[in-house]
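Dear colleague,

Please find the structure below, handed over for your use. A summary of what was found in it follows.

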Amino acid sequence: MSQLAAFIEEKKSVKVKRQQKPILSMTHVVYGYPTVQDSLDWMKRLMQEGVDFIEVQFPFSDPVADGPSIVAACHKALEQKLDVETCLSQLGKLAKGFPESRIVLMSYLNPMYRFGLDKLAKRAAEENILGLILPDLPIEQAATYQAACKAHNIDPVWLVTPVTPPERLAMLASQASGFLYCVARSGVTGHSVHENKSHESKAKQTSLDDYLAQIKQHASAPMGVGFGLRERAQIEQLIGKADIAILGSALLDAYNKGGQEEGIKLIKDLFH
């Protein structure tokens, strides 16, 4: 079992024993937004508040899977000079101070490929980052990346969506390690899971429960669910069906509205 999956399983066993956390929390932070120091301070505060995971996004100019809030944050962050090596080193310092929280690095293939995928896996391992998410890298083209992650004991985290074909969903779920990122609905981040999209007819929509049950048939790795989570009822709907609830655009919107305090209030409202 990978380090990341083992950590999730350990948290789940504690959860069952103490009934303190019916589902684990993952929060999303854009590195460098609005400044590098601000983003590091926000990560530290989230860890102090006891979030289980932080998904740290290294900005890219064309974040195709992200909605307007995160796109705007990435563009603002990129007004500064950012580099992957410095980001990894700074995340490593954070990780050492908060062993009860875990960091997963998310970005897009372009900046990570320029840095070097083998080097990325090696440096991430050295800095105690447990997983990597590259949403625009298809698993069919990822043999070298997968080999590098395996060599350095880093989990490549794959994504599935409600419109992933059944055969491909089964393949991705069966190959998942660490955790499987289950996108709650099609489209980009930020919209509510309750919103319908014009390209998805009601006849083709699968309920979230059925979708997660379908994934569970094939996945041995823990399941994280994200995209569009904004309300406590949505988090509660996931209890017993997924292992991690991932809070992205909603947390960024709260942070933009009222800084750290507004963000922490949202987390407490949703998870406590």
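**Confidence and findings**

The protein has an average pLDDT (the predictor's confidence in each residue, from 0 to 100) of 89, and 89% of the residues score at least 70. This is a predicted model, in which local features need pLDDT of at least 70 and side-chain atom pairs count only at pLDDT 80 or more, while totals for chains, interfaces and linings use all residues. Residues are numbered from 1 along each chain as its sequence is written, and side-chain values use heavy atoms, with hydrogens and water left out.

Mean confidence is lowest, at 70, in helix H1 (residues 3–18) and highest, at 98, in helix H2 (residues 36–48); helices are DSSP runs of H or I, at least four residues, numbered from the N terminus. The pLDDT is below 50 over residues 187–205, a stretch with 39 contacts (heavy atoms within 4.5 Å) in the model beyond near neighbours in sequence.

The largest nonpolar core (buried Ala, Val, Leu, Ile, Met, Phe, Trp, Tyr and Cys residues joined through side-chain atoms within 4.5 Å; buried means under 20% relative accessible area, with a 1.4 Å probe and protein chains only) has 76 residues, and Leu-105 and Ile-215 have the most contacts inside it. Helix H11 (residues 249–271) supplies the largest share of this core, ten residues. Beyond its neighbours within four places in sequence, Leu-105 contacts residues including Val-56, Phe-58, Leu-120 and Ile-133. A second, separate core of 20 residues includes Ile-8, Ala-65, Val-104 and Tyr-181.

Yours sincerely

Notes: Buried means under 20% relative accessible area, exposed over 50%, partly exposed in between (1.4 Å probe, protein chains only). Helices (H or I, at least four residues) and strands (E, at least two) are DSSP runs, numbered from the N terminus.
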